[in-house]
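Colleague: I've just opened this one and could use a hand. Could you walk me through how to read it?

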Amino acid sequence: MSESTSRPESEGTPHPTRGDTSQSHLADIATTDAALELPPEQSGFGEGVIGEVLLDIEGLSKSFGSVHANRDITLNVRRGEIVALLGENGAGKSTLVNQIFGLITPDRGTVSVKGDSTPIKDPRDAIRRGVGMVHQHFQLVPVMTVAENMVLGHESTRAGVVLDLDSARRMVRELSEKHGLAVDPDAEVDDLPVGTQQRVEILKALSRRVDLLILDEPTAVLTPQETDELLGVMRELANSGTSIVFITHKLREVLAVADRVYVLRQGEVVGEVATKETDATGLATMMVGREVVLSIDKEPATPGEPVLEIEDLHVRDDRGLAAVDGFSLTVNAGEIVGVAGVEGNGQRELVEALAGMRKVVSGRMRLGDLDLTTANPYQTHHAGLGHVPEDREKHGIVGSYSIADNLVLNEFDQAPYAKSGVRQFDAVRENAERLREEFDIRSSGVFQTAGSLSGGNKQKVVVAREMAFKPKLLMAAQPTRGVDVGSIEFIHRRIVEARDEGAGVLLVSAELDEILSLSDRIAVVHGGTVVAEMRVEDADRTEIGRLMAGDH
Amino acid sequence: MSDTRTEEAPPPSDGGPREPEAPKDRAGLLAYLIGHQSGVVIVVALVIALLIGAALIRYQGVNPWYAYEVLLRGALVNDGALTRTLQKTAPLVLTGLAVVLPLRVGLFNIGAQGQLQLGAIFGAWVAYVAGGAGFLGAVLGMLVGIVFGSVVGLLVGVLKAYRGVHEVISTIMLNYIVAGVTFWLVVGPLQGESSRTSGIPQTESIPEAARLDTVAGVPVGFAVAVVLAAVCWWVLGRTTFGFRFNTVGANKEAARYAGVPINRVVVLSMLAGAGLAGLAGALEALGTLHRFEPAIVGSLGFDGITIALLARANPLATIPAAFLVGILRTGAAGLQFQTGIAPEIVDLLLALILLMVSIPVLGKWLFRSRADKQSVATTSWGN
Amino acid sequence: MERLSTWASKNRTPLVIAAAVLVAAYAFNLVRGDIAPSMFGAAWGYAIPLVLAALVGVIGERSGVVNIGIEGQMLLAAFAGFFVAAVSGSMIVGVLAGIGTGLVAGGFLAVTAVRWRMDQIIAGVVLNIIATGLTSFYLVSGQSLPGVIPNVSVPLLSQIPLLGEVFFSGRSVIALIAILAAVLVHLALFHSRWGLRTRAVGEYPSAADTAGIKVERLRMVNVTLAGSLAGLAGVYLSMDASSTFEREMTAGRGFLALAIMIMGAWRPLRAFSMALFFGFVNATASQLQQTGGFSIPPQLTATLPYVATLVVLAVAAGRVRPPGAVGQPYVKKDQ
């Protein structure tokens, strides 16, 4: 089994392998589709002894402004039980667990841990009561060492003031041995690959006496293999009596490890079921409230001339390390090329380099007959590159601007939106009204500020802007992250339409399902380079998972 | 507050050249209300500041209402008082703008002081040398003031954009450097004849013809400042140039994504702001003192910060804000004579006003809403 | 021993530079024994308030709060220290009043910038303008101090040639406190529980929050307490370096201190060294004036520290990394 999720640049940092090999074969079994259709006890993880109720939530509600993030939620978790919280992005899962951990104060309802139902004041209080949490965005201080992070908040000291890091190091070693999660206590978190950072995060939670461990989307950044490894650790913890609440929107993981599932939709619990008694379709239907169409209807592609040619591209990340490392790829007109890979393998830097937002170290990129290698964002846009950025809040929209202004964000100085440097507001408004209609942007008007829109509608604003000028190449990075199901379908259809109208599409996504359902061709990346290219007809999920992990 | 950053839905009271974006829907109404809400907040802030000031004056053993009356008479009612106040307001509008323009991009220019001083000395000297050319000499003096102010701004902008030196530090350092350099000039190469005998550091007096006078009681400088405030407002709200400015200030990353050349905008904003501060210096030299003295800068530069925040970074609003400060500064002169209160009371009053308009909680208390949760303006430190 | 060698290998560059500077200083002393000691003495005299003020900046920014208001804090403290001493007739009461005023001014910044989440830079500038307003309005002339801050010599340490003479012999108590403060803040920041938490809060506050640390409270406490050092710096200016209070007598030292903090990479001991460097620049400027070798006008030599700041920052600013969360208010998830 490969451990190598580390990018090449992190060579030299200690890269531990797991001491405990007993789970490896289990993990391998679990990767196959066949195993996932079996009930958990047959998928190889086994089942522990489930005891009394440990966490009991009753009538929990929380609103942010007019949005009901959680509405009257009632659920319980027993000792030694793994409970999955399943739901789309925005269903209220994170809000729910943040209330258990004391990060958010509920409006109404009670959370009782081990029978104690006094309100949880803050994380300190939660930790004291035996609740540990592994956050979706790791809560580690990047410039500090593993040991320092581990003891933060419950440091042991000598003579009352002097920090005792020796005992912290010892604790890290003991814990990592006990749970088979190897980490170097003196490594700086910044230098660790994400998979290892997560181990630190888990060990940090376990370093306190934990009865209830919350894991918020722990698998989003992991390879399929690392995911299975993690599921194995979870099962072991549960068998030794720890209760686990596990957030995910991936059905496979739920079926593989959880004992029970609560399905959330729009802030409410819409179903509770033992995993033994359900299957993927059943869960999916509960999640979205209707039968889901997991695949998109699309004609076979009719690829034309190459629009984008990337040759041996090298790009550095923010820390100056090689992120894109000899990347070559061609995208033809009229086809969708999906870039599949675990996040952090140079996808972000690749996209930013193509958009002209990051300097290219060496190599070439051509759009049609234009050389984009040294172009700035303005030039790439006007060369015909539409870019749906990964982080729309940061790059895609200006929250304090109106929808109308956001829709001309990169065309504001072009006719008809400006004449000799003076903005033409009539044209801006007409454009906005047309696109609002066409892309079904739900808002009170085109002058509503973009920051007040929902995630899906913000993304529609970005997609509308980037498609409206009929780009030669549409580059979409994580186009449906944090977007509701309805908008996902809409955006997917639009991407296919762009292809059918002759644009080349470069789709970068961490969701393998999205890649598989949209792409005509798939390029698997690992360590900043393409490790395999295949037509979608020839793609095999397990094989791609293996390639993503660097096993090639 | 976000509404200070965008111009897309101006409140109807703006009365601009054209209002294609005054919408009838709810979002427009909201923008209107928020616009007015911040207006209310400012009025309340002013009242609170003046009440605290009254208490302090009372504590000095003077009837505060009498003091305020003396102040207002000295600034508005007495013979020629209004003209003097407008004369004082002119450079204040410009130093206010000198803070507003960079603030729209997210830069905090606290160096209007130095930019003004450098503009003043060279503006005064050129107007003196070209004094024979009459009004042309005055125009030349103003242009030179702009140029030398801009030079300081250019340095700040380049250091910020390309070397990562924070503008708050570089502008302050330049304030001291300019103060040293101008003082050396005024006791050295540019020292006036009379100054050598009197010992007061001064340049030569600018000839009558090259001074900026008043037309029908309105100082020429004031007219220039008002026109420039209007131009800034129009450029920021209505042109692509202004759109770039606002976008960099509102979301730098998005600006980069949209292809706005951020470094150039950063440099330009400092250049423009500092140029206006330099012009303020030239106006003060050409219109008020008719020469350069080191004391010319007074507190004009730092008052610009108060004015910019009082105006919530809106260029047009710098006019009333500067007028208010002008009233206080002009009226203060008579205060000592008639009530015995030191004119520095105005420094204190302005500090109180600045505090009141910039604390975000005031709006929250008044409206119990989310609207004023953020500061009036945000600057950046790390980047 | 092993620890010492890992420590030395980790800090090789600063150690080499420090050694080189020391050697150069002794060499200079050997060559120009007539002026060197007095120049070094003057350099340290100029650096004392800068060290204290830079520590204020370091503590603030390490906790994630920019303190542009150091200037104002110093000015208020200088004012309060001087006039309280003059009126009460007691130096010690004056000093305490100055330190207390620094604390109050630090508390002001803590409340506005941390609790109310006002833009931190604007909050600091407001503090400076308030300080200028208050001190110029309530300024009265003709007051004088009832005594002096005592000078002391440290036994043993004062025997070290040159170094002992400059730092430990016949220096005011405040100068010794400045040295002590730099060492203590360094030790506390990197080797104590408080330091670990402070750095976490300034670097990645949500990680600190989820580890059960009260982010806002720690920031407020740090910014407030750091105010006492700014207070001491102000007291030094009006009661030790000179024995009078003048309008705006801080003359930009609060901002110089921030530049020193940046050049010192947010580390107390490096900031201490950078402050000495500035002191030396200043001492050189006045030495040049006295010896008259060059006919640079005094108005221009006076700008030398400010010019040096710009030049050094232009070289250094891009190379050092500020604490990750500096300047950003910490907003919990449900607010």
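Reading the model together

Modeller: Sure. Keep in mind that this is a predicted model. Let's begin with the layout of one chain. Domain 2 and domain 3 of chain A have C-alpha centres 39 Å apart.

Colleague: Which residues make up the domains of chain A?

Modeller: Domain 1 takes 15-130 + 209-288, domain 2 takes 147-208, and domain 3 takes 306-548.

Colleague: And how do I read an interface?

Modeller: People often give its size as the accessible area lost when the parts come together. Here we can look at who takes part: chain C brings 39 residues to the contact and chain B brings 41 residues. On the chain C side, the helices that each supply at least two residues are H6 (120-137), H12 (253-263), H14 (298-301) and H15 (304-316). H6(C) gives the most, with twelve residues. Sorted by class, that side has 26 nonpolar, eleven polar and two charged residues.

Colleague: What about the backbone: which peptide bond is cis?

Modeller: The one from Ala415(A) to Pro416(A), where omega is near 0°. Pro416(A) sits in the loop between helix H14 (403-407) and strand S18 (418-419) of chain A.

Colleague: Where does Gln266(A) lie?

Modeller: In the loop between strands S10 (260-265) and S11 (268-274) of chain A. Gln266(A) isn't a glycine, yet has a positive phi of about 45°.

Colleague: Why does Asp312(A) count as partly exposed?

Modeller: Because Asp312(A) has 13 C-beta neighbours inside 10 Å, and the partly exposed class lies between 12 or fewer (exposed) and 20 or more (buried). Asp312(A) is part of strand S12 (residues 306-316) of chain A.

Key
Residues numbered from 1 in each chain as written. Chains lettered and ligands numbered in written order. Predicted model: local features only at pLDDT ≥ 70, side-chain atom pairs only at ≥ 80, totals over all residues. Contact = placed C-beta atoms within 7 Å. Helix = DSSP H or I, 4+ residues; strand = E, 2+ residues; numbered from the N terminus. Nonpolar A, V, L, I, M, F, W, Y, C, P; charged D, E, K, R; others polar. Domains from an automatic or database assignment.
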